[in-house]
Structures are given as C-alpha cells and as structure tokens.
Amino acid sequence: MIRKNVSLDEDHLQKLQPLLEKNGGNLSAAIREVIDLVSPPSESYGTPEGGSENFRKKEIFPETREQLIRSGEFVTISQQMMKWLIRNNAGKLIDEDVVYELINPYLITTIPELEEYLNHISKLLGWKIKISTSCGENLQNGFKSMDFIGGDRDLREFLVEAVCIFLSRREGLDAEALHRKSNSITVYFRHFVRHDMHEVTPGVRKLFGPKDILYREIERKPAFWITLAELYTKFNYRRVNLDKDLFEALLAGKLPDITKYFEIKADRSLREIPLSELLPLFKHLVVASQLVYDVEICAEKGKESIKIRHDYSDENVVLKIIQLFSNLFEAGLHRFSVTYVSKLIMFDFSISEGSEQDAVKVCPGLDLY
C-alpha cells in the first residue's frame with residue numbers, strides 16, 4: 001500500500017460524487033475505480049485517446065443488468081405488469097425526470113450517440129427494439145426521422161414517446177407525424193422554436209399527451225373529479241355543464257352570450273374563424289356542455305349545415321336554444337336559415353355569404369324576437 005497526498009478542488013469532488021456514493025463515501029476506492037476506467041487493457045485500446053473514449057462509454061452506458069439490480073437502480077417486473085402500467089398511462093406525457101433517468105441529457109450530444117445508446121439500453125433491458133436514424137452527425141443537422149423496429153408494441157410506444165420528449169425539451173425538435181406498422185414505428189421530426197423552454201412541443205403533446213390535462217387535473221383535485229364522475233354516471237350524463245356567468249344570465253332571465261367560449265378555444269376573434277372550422281368547434285363545445293346530445297355536421301363547401309338533436313319537450317326552451325345558437329352565428333357574420341321539428345333543429349348555411357352589412361339571419365316562419 002503506497003500512500004500519497006492528492007489535491008482535489010470542489011469541482012473534482014462533485015464529478016466523483018457518483019463513484020463516492022457507489023463506494024459508500026470511500027474516496028480511495030472511488031479514485032481507484034477512476035484509474036481502472038481510464039486504464040483499459042493495452043491490447044484493446046493502446047492509446048490515451050482510446051482510454052478516454054472507453055471512459056466516456058462507461059459513463060454513458062449502464063453496467064450489466066445484474067449489477068444494476070444488485071445496486072437497487074433497477075428492479076425486475078413481469079412483462080404483463082409492465083404492459084398494464086404503460087397502457088393505463090397512455091395519453092399522459094412521461095414526466096421529465098423519468099425521461100432523463102432513461103436518457104442522460106448531459107452525456108448524449110449527437111444523434112449517433114443517441115442511436116448507439118438506445119440500442120444498447122434496449123438490448124440490456126431485453127426490449128429487443130432496434131433503433132435507426134436518418135440524419136447527420138449533429139442533432140440539428142439534417143435530422144429527419146427515427147425508426148423503432150421490433151420488440152413489444154407497448155414498450156416500443158413508451159420508448160418512442162420518451163425519445164420524442166427528450167428531443168423536444170433538449171433540442172427543440174417537434175414530432176411532426178408517426179407512421180405505425182405492425183412491428184415498427186417511424187417518427188418524423190421538424191425544427192420548432194419554443195418560447196417556453198419547460199414545455200414540450202405541440203406535436204409531441206398532440207401525439208402522446210391527448211389526455212395529459214385530464215390526468216393532471218384529476219391528480220390536482222381528485223375529490224372534485226371523482227364526485228363529478230359519480231354524478232354524471234348516476235344521472236346517465238343527463239346534466240348540463242355551465243360556467244357561473246352563463247348560469248347567472250339564465251337565472252336573471254337573460255339570454256347569455258356564448259361567443260367568448262369559442263374565441264377562448266380557438267384563440268382568436270369569432271369573425272376570424274371560418275365556417276369550415278366553426279362548425280366542428282361548435283359540435284365539440286356544445287356536445288361537451290351537454291346542452292344538446294348530438295350535432296351532425298355537413299361541411300361540404302356550399303352545402304354547409306348542421307342538425308342538432310336534443311331532448312327538450314318545452315317549445316319555449318327550444319326557441320331559446322335556437323336564439324342562443326343564432327346569436328353565435330350572427331356574431332361570426334354567417335348567413336343561415338333555421339327550422340325545427342320535434343327534437344331536431346336544423347341550421348342551413350348554404351345561403352351565399354354576403355358582406356358584413358348583409359350578414360343577417362333568415363328564419364322562415366319563425367319569429368324569435
């Protein structure tokens with residue numbers, strides 16, 4: 001045993017921290033492990049450059065599966081349990097810390113490194129997924145797509161989502177489209193300029209997190225959403241969802257203005273929303289509020305119309321509903337005629353669009369004022 005005095009500053013100690021934790025705080029053992037890492041057998045590497053590259057690879061790539069399990073970093077879990085966990089979280093974005101647990105953002109700097117690492121981790125974990133890329137050397141240079149081939153479908157979906165979130169948060173690359181086949185997934189990327197560095201890009205959110213806000217709100221206010229779900233279930237969804245402003249207007253005997261809900265959802269003025277976009281938005285919001293139970297749309301150019309099905313029996317209520325919706329379409333400067341029979345209300349927009357002054361409501365045989 002040869003003892004030497006070694007000078008280390010705080011930066012070096014911080015870099016040694018993972019090895020110190022691994023060796024129970026034993027600094028000598030940590031330094032010996034560093035020496036072993038940078039001193040590979042001469043027949044394999046032979047040069048300092050080769051030793052440095054080997055050290056970097058040991059940093060990036062995990063140890064053997066058995067070592068990871070012994071250290072407590074990994075645990076074994078049956079495939080059926082893993083598939084259940086993944087499927088029951090589908091639609092919720094993977095948390096950032098989980099993504100970075102899988103892919104270390106400080107060690108992966110190029111696409112070839114990412115590809116090599118993913119193939120290594122897939123083999124180590126027994127996922128049997130082969131990853132390939134069509135890109136240049138740099139993350140931002142010529143990067144177009146990634147292919148994930150083979151393995152279990154659910155694990156493949158999980159890995160694709162994790163990689164897309166990683167590239168979204170670290171490199172501003174958005175997932176533009178997914179092409180799924182029976183045994184593979186191809187992801188197409190595009191560059192995206194983000195204003196909020198903590199948010200994932202919109203394509204990633206749309207493709208992988210359509211139910212993310214639902215999960216987050218349930219986690220934030222579980223008692224409220226559990227009670228609401230119980231009420232909707234017990235009343236077979238025969239409930240109307242109204243905000244306080246609209247409810248207050250109805251109690252005061254006024255006809256509320258619902259245009260703001262459409263403008264908030266579309267993030268623009270109602271007059272800036274073309275009819276081809278307004279009709280699907282109308283169906284989405286009105287059915288979600290349970291004001292009516294179905295809206296059928298004809299969006300063919302020049303033949304636009306909607307059929308609204310409801311279960312109101314009082315004609316005064318039906319007329320109020322017609323007026324409520326008519327005011328909305330008038331505010332958007334759309335010409336239309338409206339008729340109603342029994343449980344059906346029909347808006348016909350096939351009338352030629354006029355100027356702002358000519359955009360008036362046509363209601364044959366129906367006086368709503």
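Q: In this predicted model, is Phe349 buried or exposed?
A: Phe349 has a relative accessible area of 2%. The cut-off for buried is under 20%. Phe349 therefore counts as buried.

Q: What is the relative accessibility of Phe347, which counts as buried?
A: Buried means under 20% relative accessible area. Phe347 meets that cut-off because its relative accessibility is 1%.

Q: How many aromatic pairs does a search of the whole structure find?
A: Phe262 and Phe282 form one of the pairs. Their ring centres are 6.3 Å apart, with 15° between the planes, and the pair is stacked. Searching the whole structure gives a total of 13.

Q: Which helices hold Phe262 and Phe282?
A: This pair links distant parts of the chain, 20 residues apart. Both Phe262 and Phe282 are buried. Phe262 sits in helix H13, and Phe282 in helix H14.

Q: Is the aromatic pair of Phe347 and Phe349 stacked or edge-to-face?
A: The angle between the planes is 15°. Planes under 30 degrees apart count as stacked, over 60 as edge-to-face. The pair of Phe347 and Phe349 is therefore stacked.

Q: Which residues form one aromatic cluster?
A: The cluster includes Phe262 and Phe282. Phe347 and Phe349 belong to it as well. The full list is Phe262, Phe282, Phe325, Phe329, Phe336, Phe347 and Phe349.

Q: Which residue in S8 stands opposite Thr339?
A: Strands S7 and S8 run antiparallel, joined by 5 bridges. They form a hairpin with 2 residues between them. Opposite Thr339 stands Met346.

Key: Residues numbered from 1 in each chain as written. Predicted model: local features only at pLDDT ≥ 70, side-chain atom pairs only at ≥ 80, totals over all residues. Heavy atoms only, no water. Phe/Tyr/Trp six-rings, centres within 6.5 Å; stacked < 30°, edge-to-face > 60°. Helix = DSSP H or I, 4+ residues; strand = E, 2+ residues; numbered from the N terminus. Buried < 20%, exposed > 50% of the residue type's maximum accessible area, 1.4 Å probe, protein only. Pairing = 2+ DSSP bridges.
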